[in-house]
Amino acid sequence: MHRRLWIQIAAAALLLGLAAVLINNLAVNLIRTGLGLSFGWLARPAGFALAETALPYSPSDSYAWALTIGWLNSLKVILSGLVLATLLGVAAGAARSSGNRLLRRLAAAYVALIRQVPLLLQLMFWYFVGFLGLPETPVGGLIGLSNQGIRLLGLDLSVEFCAVLTGLAVFTGASIAEIVRGGINSVPRGQWEAFRSLGLGEGLGMRRIVLPQALPAILPALTSQYLNLAKNSTLAIAVGFADLYAVSDTTITQTGRAIEGFLLLLLSFLLLNLLISSGMAVLNGLVLGRLKGSR
Amino acid sequence: MNRVIDRLLTLLMLALLGWVGFSGVHWLLFAADWTVVTANLPLYAVGGYPPDQRWRPLVWIALLILMTAITLMGPRRGWLRRGLPALWSLMVPLGVVLLAGGLGLQPVPTREWGGFSLTLLLTVCSALLSLPAGVLLALGRRSELPVLRVASTAYIEVMRAVPLIAVLFFGQLLIPLFLPPGLELNRVLRAVIAFALFAAAYIAEDVRGGLQAIPPTQTEAAAVLGLSPFQSLRLVVLPQALRIALPALTNQAVGLLQNTSLMAILGLVELLGISRSLLANPAFIGRYLEVYVWLAAVYWLACTAMALLARHLEIQLDPLRSS
Amino acid sequence: MTVAIRAIDLVKSYTPGQRALDGVGLEVISGEVLVVMGPSGSGKSTLIRTFNGLETLDSGQLDVLGMRLDASHDEREVRAIRQRVGMVFQQFNLFPHLSILDNITLAPIKVKKMSPSLAEQRAVDLLEQMGIAEQARKYPAQLSGGQQQRVAIARALALDPEVMLFDEPTSALDPERVKEVLDAMRQLAAGGMTMVVVTHELGFAREVADRVMFMDQGKVVETSDPETFFSNAKEERSRRFLRQMM
């Protein structure tokens, strides 16, 4: 019994010792470089422009406001990305079980190709080759496509936003497709036979019979993909989209406040993480509840 | 599905595929200007490495390709097959020595490393560091000692909530702040540490899944044989847990290879980074599509090779198959 | 007549109010085969699992091969006991990632610091004794249940124990496989091993046991020689149990 206690004390001492050394080094270095720890600088004017703002912003606004705008931009691209990726992923995942052999092969090729190429490369492809490669003057009626931006149903979407959105959706969609495929496979064969022998069509059967039963297997893995998408949205900096990370990056470069900036970013992503996880947990509960009730 | 609609859909897809395929092949062979690739092959391979020493990273890459080919084809000679694991583990220190220098080779500073050789080096070094760290974290998370459990859980949860680019960026900025004044780490080393710290958290969760899959009766059986808890962990539990976690772990490795591309944003000239600077060169301006197609092919080949090696490893470690 | 195991007033509860062991006392003589029977939940598994420290005691006194086990569970004491007391489980619990030979030689090499060649020799001898020498290089998944259980017995014997504990060794086996394991156990008993066996196999109890102990609801109901127990059990509960089993 006593040995256990000693091991605990030794382990705690080791960890605390390590922490102490690191914090000491940190303190020494902070003093040496003249940086303290403070958040007052957040009120100072940012001094840089942002290409994309959901709410009014000017360079004379505070860093805090700039970061908020970045947060909003992130939310914009993440939420739309989640929706698009889910639609794409569910379609591709369901296509893997389709009766049409060509469709199955296409869906499989999509997954195999997209997952073996880095997301950053794909983002840059969509930006430089895809959207910037569009003609100067808008084409299409309802959807105005040009390399200045997309006009969709009255909304003006920047090229940067579209590139990030497309890249994220296509990449995450491939992972979601695999998850959906796994979930569909977990539904017993008998269910398929049942709805087919009742004369129900493939599409109807998939939507009303199979997918709902595949949900409990799909949701947990889907949650981690959603969290991945949220994290991957930070790559937007590579194509010039002003998301939270990009704004933080500029802020830290200008103010030198690396530690505070890191803490703020950390908090923001923990919050985002919490939001998505709890949302999915609620969804999970609803789905399980409905399934139980219907039995 | 309705026969007619099905037929129409297939026809439509075939037509689309045909058009895409045809224009794709046409572009590849005739319309594309491949000089941006062909004229710069050494750069893609080894970045800004001193030209007279280029043979060193090139030899390393060639050896890796050779090892992959040999492993996947399954050597006949017994001695070769048994020596493979040892040869593979030699590849990492060999790579470091070849690139860095020392031991009779002219030292080359890390800021001159680049291209695919840097991509590979980042991948293997980070993978090597993160595996033991991840195992320790997983064990820590399952520990009965509250200090270890809380610390491990906190680390894992925080690392998994934060985007990789942030960890890499802050790694570059903050790692020096935690070191004693006077000790300086070059950017490549800071990147490796940052990658390892990040990957360790994900590996920890995969290993934890493997540990959870092992029934407590295994620990019991080991205990009644008189094995100490440490022995039981090392000889019975961990070998099984790692085998179970192997697919997830190899997925992480492939992800690591892809994620090295993020260093391009932070100024390292690995494969993606060197391509970006090439595209900024007035001689190659606008050649985005050629470069990206080329890069996609290289990454795709590398990732697929890794995936194949992973399947091979899984089969080798399955006691039933290999006996 | 040395006493291998002496238990006095053992008490253990899993949930408050429910006693798995309710004042159990017994003595196991060296060289004897004690069969423990009883309905499920009677505490028989819990009892033999206290003999090698897999279960802790709430109170009571337990001496195994002269070493004291009580409520203060000293890890090192327990490990010392386990090197002299072998255990065979219902679910075999072989190590799936090791070959049969490695399963058996692991503990002797790592715990008793035996040389690998000696350990391997002993392992092969034990496998021959169990009648499965040709399986040495195979893996557990390739063996039948009966073969796996015999490997488990060999694995426990490899440490040269003075006492062997069996926790329902044949309950997880197909009926055709039960005989081969019981035969191995019979052989062991004939060789003079001290054995405590929890089982439902009445035939084995009748033919091999020196004494039969009947437990119910955490208490020892009766202990007698097999003759008496099976034909003329003293307690009504024992007789009722036997009627259900026959």
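## A tour of chain C and C:Arg155

Start by selecting chain C and showing its surface: about 10,500 Å² is exposed, and carbon and sulfur atoms supply 45% of that area. Keep in mind as you look around that this is a predicted model.

Now switch to a trace of the C-alpha atoms. Along its principal axes, the trace of chain C spans about 50 × 40 × 35 Å. A compact globule of 246 residues would have a radius of gyration near 18 Å, and chain C agrees, because its own value is 18 Å.

Next, try a cartoon view, where chain C shows nine helices and 10 strands. Colour the chain by burial if your viewer allows it: of its 246 residues, 55% count as buried. Contacts tell a related story. Among those in chain C with a separation of 6 or more, 65% join residues 24 or more positions apart.

Time to zoom in. Select residues 145-157 of chain C, which form helix H5, and pick out C:Arg155 within that helix. Is C:Arg155 buried or exposed? This arginine is buried, yet has no salt bridge. The nearest side chain of opposite charge belongs to B:Glu220, 9.6 Å away.

What lies 2.9 Å from a polar atom of the C:Arg155 side chain? Select C:Asn93 and look at its backbone oxygen, which sits at that distance.

For the last stop, display the other neighbours. Leaving aside residues up to four places away in sequence, C:Arg155 touches C:Phe92, C:Asn93, C:Leu94, C:Phe95, C:Asn103 and C:Ile104 in chain C. Show chain B too, and you will find B:Ala221 and B:Leu225 also touching C:Arg155.

How values were computed. Residues are numbered from 1 along each chain as its sequence is written. Chains are lettered from A and ligands numbered from 1 in the order in which they are written. This is a predicted model: local features need pLDDT of at least 70, side-chain atom pairs count only at pLDDT 80 or more; totals for chains, interfaces and linings use all residues. Side-chain values use heavy atoms; hydrogens and water are left out. Helices (H or I, at least four residues) and strands (E, at least two) are DSSP runs, numbered from the N terminus. Buried means under 20% relative accessible area, exposed over 50%, partly exposed in between (1.4 Å probe, protein chains only). Lys and Arg count as positive and Asp and Glu as negative; His and the chain ends are not counted. A salt bridge is a side-chain nitrogen of Lys or Arg within 4 Å of a carboxyl oxygen of Asp or Glu. A polar contact is a pair of N or O atoms within 3.5 Å; within protein, one must be able to donate a hydrogen and the other to accept it, and residues adjacent in sequence count only if both atoms are side-chain atoms. Contact means heavy atoms within 4.5 Å. The radius of gyration is taken over C-alpha atoms; the globule rule is 2.2 Å times the number of residues to the power 0.38. Accessible areas come from the Shrake-Rupley method with a 1.4 Å probe; for residues, only the protein chains shown count as cover.
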